[in-house]
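Trainee: Could you take me slowly through the way one reads salt bridges and backbone angles in a model like this?

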Amino acid sequence: MKLQGKVWRFGNDVDTDIIIAARYLNSSDPAELARHCMEDADPQFSSKVKTGDIMVAGKNFGCGSSREHAPIAIKAAGLSCVVAKSFARIFYRNAFNIGLPIFECPEAVEEVKEGEELTVDAATGKIINHSTGKEYQAAPIPEFMSQIIDAGGLISYVKGRVNHA
């Protein structure tokens, strides 16, 4: 799976309340959550992001509450993946549970600028910055987790396995 898109940058300690504000948690509709993704950091974010774009952030991305609404909002907004220095533990698991690919690559985060064009190869972890020609190496997504992402998340993955058993 190769993911390619324009970079949207955010800093360190982006918590789940920044990703999707608590005032929108009365909805679990992905389209509704997408309209408000990152709204408190950039009110126009959801109207600017294009399908396939890539979010790049600092350390401890997704800290705060354990709500699954945060990775759902990111994925539903059209972002293909998140590259960060590190992820909060619960966000990390929730991202894979809903089928959002995430990658830890501190070197890329330090150097990549907003608006640059990246390709991320999920199978190898290779990140290419097409704007500068520089390459980075993140850990690849393990095969069993790639299967969860390809299925659209853990629930779809389990349903598919049960239906084929």
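Mentor: We will go through the salt bridges and then two backbone angles, bearing in mind that this is a predicted model.

Trainee: How many salt bridges does a search of the whole structure find?

Mentor: The general idea is to look for a side-chain nitrogen of Lys or Arg within 4 Å of a carboxyl oxygen of Asp or Glu. Applied to the whole structure, that search finds ten salt bridges.

Trainee: Which residue meets D13 in a salt bridge, and where in the chain do the two lie?

Mentor: The partner is K59, with a distance of 3.4 Å from N to O. This pair links distant parts of the chain, since D13 sits in the loop between β1 (2-9) and α1 (16-19), while K59 sits in the loop between β2 (54-57) and α4 (69-76), 46 residues apart. As for accessibility, D13 is partly exposed at 37%, and K59 also counts as partly exposed, at 40%.

Trainee: What about R67 and D17: is each of them buried or partly exposed?

Mentor: Here the cut-off matters, because a residue is called buried when its relative accessible area is under 20%. R67, with 17%, is therefore buried, whereas D17, with 36%, is partly exposed. The two form a salt bridge whose closest N and O atoms are 2.6 Å apart. They too come from distant parts of the chain, R67 lying in the loop between β2 and α4 and D17 in helix α1, with their positions 50 residues apart.

Trainee: Which residue forms a salt bridge with D42?

Mentor: That residue is K48, and the closest N and O atoms of the pair are 2.7 Å apart. D42 is buried, with a relative accessible area of 17%, while K48 is partly exposed at 34%. Elsewhere, R23, E39 and D40 are joined into one network by salt bridges that share partners.

Trainee: Now for the backbone: what is notable about the phi of M38?

Mentor: As a general rule, most residues other than glycine have a negative phi. M38 is not a glycine, yet its phi is positive, at about 60°. You will find M38 in the loop between α2 (30-35) and α3 (45-48), where it is buried, with a relative accessible area of 0%.

Trainee: And where is N60 found, and what is its phi near?

Mentor: N60 is found in the loop between β2 and α4, and its phi is near 60°, again a positive value in a residue other than glycine. With a relative accessible area of 28%, N60 is partly exposed.

Methods: Residues are numbered from 1 along each chain as its sequence is written. This is a predicted model: local features need pLDDT of at least 70, side-chain atom pairs count only at pLDDT 80 or more; totals for chains, interfaces and linings use all residues. Side-chain values use heavy atoms; hydrogens and water are left out. Helices (H or I, at least four residues) and strands (E, at least two) are DSSP runs, numbered from the N terminus. Buried means under 20% relative accessible area, exposed over 50%, partly exposed in between (1.4 Å probe, protein chains only).
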